[in-house]
Amino acid sequence: MNGVGSSLIRASWAGTAVFAVVAVIATIDPDELGAPAVIVSLILFAGGSTAMFWAFLIAVQRSREVAIGIGGLYFGAGSAPRDVQRHLMGSLAVQVLVALVTASIRVFTSLAFGILVPVWGLGLAGLWCARHGEFAPRTDAAR
């Protein structure tokens, strides 16, 4: 994918791919391979949290001129082109699915840390929308 913010979209899918591979391998043998799954999950959670906070700061700056809602900021609702939204939300959906399935297969193991990973997709979606999203201008009533 090429275009505005394509590096964020590629990063979202790359994190999703790494998480999926590590989670599936750790599901096979959680005792021996659980530690790498925890490390990957915590790294993606920390990166996603940072991206989410960075997106919030950018949105606060932009909100002086445009009306930004939570749905438009973190889910691209009405602010991102359809193909960009499909990629960012698709990546997030895969992260949620992999986290729930692997944690359900191996209950009470380190795979539970995978539940933190969707913050990665949500943070990068927020960062994309904060930087490149199109929002309606603020009206005087909104100020």
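Student: Leaving aside neighbours within four places in sequence, what is V22 in contact with?
Tutor: V22 is in contact with P36, A37 and V40, where contact means heavy atoms within 4.5 Å. Keep in mind that this is a predicted model, where local features need pLDDT of at least 70, side-chain atom pairs count only at pLDDT 80 or more, and totals for chains, interfaces and linings use all residues. Residues are numbered from 1 along each chain as its sequence is written, and side-chain values use heavy atoms, with hydrogens and water left out.

Student: Which helix is V22 in?
Tutor: V22 is found in helix α1. Helices here are DSSP runs of H or I with at least four residues, strands are runs of E with at least two, and both are numbered from the N terminus.

Student: And is V22 buried or exposed?
Tutor: V22 counts as buried because its relative accessibility is 18%. Buried means under 20% relative accessible area, exposed means over 50%, and partly exposed is in between, with a 1.4 Å probe and protein chains only.

Student: How many Å separate the C-alpha atoms of V22 and A80?
Tutor: They are separated by 30 Å, and the two residues are 58 residues apart along the chain.

Student: OK, switching to Q95. Where is Q95 found?
Tutor: Q95 is found in helix α4, residues 82-105. Q95 counts as buried, because its relative accessibility is 0%.

Student: What's Q95 in contact with, leaving aside neighbours within four places?
Tutor: Q95 is in contact with S12, T16, F19, V117, P118, W120 and G121.

Student: F19 again later, I guess. Which residues touch the most other members of the largest nonpolar core?
Tutor: F19, L44, V84, L88, L127 and W128 do, out of 31 residues in that core. The elements giving two or more residues to this core are α1, α2, α3 (70-74), α4 and α5 (118-132). A nonpolar core is a set of buried Ala, Val, Leu, Ile, Met, Phe, Trp, Tyr and Cys residues joined through side-chain atoms within 4.5 Å. In soluble globular proteins, nonpolar side chains tend to be buried together.

Student: What does L127 touch, not counting residues up to four places away?
Tutor: L127 touches L8, A51, W54, A55 and I58.

Student: And S79, where does S79 lie?
Tutor: S79 lies in the loop between α3 and α4. S79 counts as buried because its relative accessibility is 5%. Not counting residues up to four places away in sequence, S79 touches G72, W128, C129, G133, E134 and F135.

Student: Zooming out, how many helices and strands does the chain have?
Tutor: Five helices and zero strands. The C-alpha trace spans about 60 × 30 × 20 Å along its principal axes.

Student: What percentage of the residues count as buried?
Tutor: Of the 143 residues, 41% count as buried. As for contacts with a separation of 6 or more, residues 24 or more positions apart account for 78% of them.

Student: Last topic, the lining of the largest cavity. Which element gives the largest share?
Tutor: α2 does, with three residues. The full lining is F19, A23, A37, V38, S41, T102, S110, L111 and G114. A cavity, on a 1 Å grid over the protein atoms alone, is a set of points where a 1.4 Å probe fits but cannot get out, and lining residues have an atom within 4 Å of a point.

Student: How do those residues divide into nonpolar, polar and charged?
Tutor: Five are nonpolar, four are polar and none is charged. Ala, Val, Leu, Ile, Met, Phe, Trp, Tyr, Cys and Pro count as nonpolar, Asp, Glu, Lys and Arg as charged, and the others, Gly among them, as polar.

How values were computed. 1 Å grid on protein atoms, 1.4 Å probe; cavity = no way out; pocket = protein on both sides within 12 Å on 5 of 7 lines; lining within 4 Å.
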